[in-house]
Amino acid sequence: MNIQYAGLADVNGPLVALEGVSGVAYEEIAELHLEDGTRRLGRVVQMEGDKVILQVFEGTSGLSLDNTRTVFTGKPLEIPLSTEMLGRVFNGAGKPADGLGDVFAEKFGDINGRALNPVARSYPRNYIHTGISSIDCLMTLIRGQKLPIFSGSGLSHNKLAVQIVKQARIAEENGQDFAVVFAAMGVQNDVADYFRREFEQAGASGRVVMFINLSNDPIIERILTPKCALTTAEYLAFEKNMHILVVMTDITSYAEALREFSSSKGEIPGRKGYPGYLYSDLASMYERAGVIEGSTGSVTQIPILTMPNDDITHPIPDLTAYITEGQIVFDRTLDSEGVYPGLSVLLSLSRLMKDGIGEGYTRADHSDVANQLFAAYAKVQDARSLASVIGEDELSPTDKKYMVFGTEFEQRFLKQGANENRSMEETLELAWDLLSLLPKSELDRMNAKLIEEHYRENIAG
Amino acid sequence: MNNTIYAINGPVIKLRDTKDFAMREMVYVGKKHLIGEVIGVSDKFTTIQVYENTAGLKIGEEVEGTGSPMSVTLGPGIISAIFDGIARPLTDMRKTDGVYVTEGSDIPTIDPERSFDVKVLAKTGDELSAGQIYAECRESPLIINRAMVPPTIKKCIVTYAAPDGSYKVNDTILKVDADGEEIVLTLCQKWPIRTPRPVANRITINTPLITGQRILDSIVPVAKGGTAAIPGGFGTGKTMTQHQIAKWCDADIIVYIGCGERGNEMTQVLEEFSELIDPKSGNHLTDRTVLIANTSNMPVAAREASIYTGITIAEYYRDMGYDIAIMADSTSRWAEALREISGRLEEMPAEEGYPAYLPSRLAEFYERAGNCNTLSGNRGSVTIIGAVSPAGSDFSEPVTQNTKRFVRCFMALDKPLAYARHYPAINWLTSYSEYIPEFAEFYEKNVGEDFLDVRQEICNILLEESKLMEIVKLIGSDVLPDDQKIVLETAKVVRVGFLQQNAFHKDDTYVPMSKQLLMMRVILRLYHASTDALKRGAAVSDIIGTGLFDKLMKMKYDIPNDKPEMFDDYSREIDETIGALKE
């Protein structure tokens, strides 16, 4: 079976072609042995007659038409899986990168994953407490959800991701293990370092598995990074019954790697040069979040992406938001005003929160409070744009109250310390303090009984 | 050993030098028997798109033809089931294959072991024609399945009719003689998914599909047998709107196609629909629902097929005489699947990489909707409501623009409204329905003679508001004349009290047409009373100070659906309070 093919027919970007090959399966993994004794891995991406095209994970530099011998392994790309992986650091292709040697595999997992039968899913219902008021109250993270963070270069998305990882707690503690799988794709060295350091300082590194692909590592490895991370997450969640939070940064680098790879294959580009299958490709990644019947574990994803030029209609954030269950969006103005986390509340959304909050989960009034805050903050924007034209003094009394509410909301509710962990109760009480700055008649998203119960009479002037 | 794989590129495979396959023929590919369809035939190559993951496939594996086009088996047992894009039952696959979707699974669409109590209507010696009903059985508490002579048999004479009794789907019910050929008819039949099932003739559309959603029923109604598009960027509530229509609309059967959308959403539909009770029949909503799920990580070629599978199932039930509503969520993913396959075939792309045949494919799909007299002599209809997910929320992109040309009702979802959490975020100014004049008679008979006038006045107030808001944005509302202030206040009541609807509130989630009309009437009554009071010289602050505007904004919660008499109290209060205002 171990036929070796000497030489290559063609080298083009990350792709190499071989001729005279037979008996090879689509998406099978091949090993390329170089003359200098090193070994690289490649995957079959196209076949025609006896010609096979391979993508080489470690890049093609140094390959010539006659200095390699290729062996096909007969297997798809698999990584070793084990609970020992907790606390370890791997490279983008799943190889140990911390000098501690190979992982003793309990089993091997195909990194491509397979489509979950929708019938086998359980609808996600329980929330994850992050201790961050804006997220817990307005865009609640649900176990099994995929909730991306849309950010821009220079904003504090990494800080927020670290805070979420450090503070994330499951509402009802039933002794189940909670762990984090962290995938870094195309990040700078110091960013990867920042995460490593922060996890260590918080004493969390024992429950974190890291996959790191730096910005100067080969792009093909970058395409594999999230797949390796998610395969690990699925194993820990569905076979070891752990609750896994997967943080992936930066999806933009991933998509750009995909574009580079696609154009070297000579594919017809879609929007902005990204391949037409960007949606399906991103979906095959994001859809691996969830809860399945027959397992008590869950995979929750927080993908982080930097919007090129802060443009939310760019294909990467756009397609992502069509697949994920909501989004958390950063706002550059708030960030520069020193509000951390400077989230754009109106653009942010958690689609699954409606079924994971309220009586039995958080508090009965949660959903109405959240809706009212959204609606009120939307009116703040109207009042502000009016004030910028006619001046604040000319505003109607109600609009003036909205102006006050807006500032207080940003400074007291959104803004919080990087180590401040607020309970749900604190967050909701704070929300009522702020809503009470408005006249009762403006609270049009809730019924009279609720207002009676919680409205603070003496605050509104 | 002629028909072996020559090339593989993603879901597209090619064979060389064979003449054995016909265009659109269904084939089995390789050792795993993956399901595929022939999409290109030339003297050199035969091109096949594979509906399942091609990883592991090898050059030289065999491809087997079936001799028939891509078809779906239609019969009792479809209702309440959930299928993948090529009509394989996902619930059964879960039992045999585990939590992941397995390639090459050959579980039949309809469980051959399930039996039904059949009433045979045809007798030996009867002459039957295409589409005629020969047997009946109860498929779910709500739906009676009617076995029909397949449309391919024009005329036949019954030579054997089984007695009434319990039969499995493949048991012989009738033997017929069609031009000398003996044909066995069972409870099920096959139909190619890309061919529309024939009808006797189309009839005029004149009835709205009642959804219980105020903005839809009162402002942009869709017809039974009509077509509608729901375009909207992410987070604007396309899926939520589709779910609300699927739950509450007065169609007999719902076919919900989750095309390239989220797995959790399908799970949600499964869970919610099995708990919810249909207000009309008192049965579970699943008893009238068929789900087709091709989630975004399932094979892309099957996404392209899922739309056709769905509409073929809908047409099958239409032929029995039912009203069907199809929710296709989302047609953009289907168009993207077309684009992806087209790219793999190296076809010349048109706009934004979509193939040039995108408009004609969209037209073919939407034209399968309609209100018809069926071959069996019943009336049935298929309504298509397709969600569109425009890239970058830009409605000028090809899928939205081309869809707009083929649908008659356009429910544009709006980002600013969604940001303000105004749901359903359907923009009342950019949405339209061409059906309204055709419903005039229906409204007159079933809702109220003044319905269209009331509706028009409400629309005018909203239009007036949008004009006034241009001014308000520049100089504030204080400088407006009094009558315009009243317009603004009234429009706010219409927006917040009427158009906004809470899907999670027990009364507000479904509102009957009669209450919708009463709500509009009482809003207009307040508006007219207020303008009259202004003419008498009352102060605008006093009018607003009565609190009546705030009260009407909350009437959707305060007046239960079964207490329409409360509207009289509201009207009286308006007349008395506003009438009592001093100059």
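Here are a few questions and answers on the predicted model above. This is a predicted model, where local features need pLDDT of at least 70, side-chain atom pairs count only at pLDDT 80 or more, and totals for chains, interfaces and linings use all residues. Residues are numbered from 1 along each chain as its sequence is written, while chains are lettered from A and ligands numbered from 1 in the order in which they are written.

Q: What is the radius of gyration of chain B?
A: Chain B has 17 helices and 26 strands (DSSP runs, numbered from the N terminus: H or I of at least four residues, E of at least two). The globule rule (2.2 Å times the number of residues to the power 0.38, with the radius taken over C-alpha atoms) gives 25 Å for 583 residues, so chain B is as compact as a globular protein of that length, its radius of gyration being 27 Å.

Q: Which strands stand at the edges of the open sheet S13-S12-S15 in chain A?
A: The 3 strands of this sheet have antiparallel pairing (at least two DSSP bridges between two strands). Each edge strand has a single partner, so one side of each is left without a neighbour in the sheet; they are S13 (141-142) and S15 (169-170).

Q: Which element of chain A gives the most to the side that touches chain B?
A: In all, 60 residues of chain A are in contact (C-beta atoms, placed from the backbone, within 7 Å) with 59 residues of chain B. Several elements each supply at least two residues of that side of chain A, including helix H6 (278-286). With 7 residues, the one that gives the most is H10(A).

Terms used. Two residues are in contact if their C-beta atoms, placed from the backbone, lie within 7 Å.
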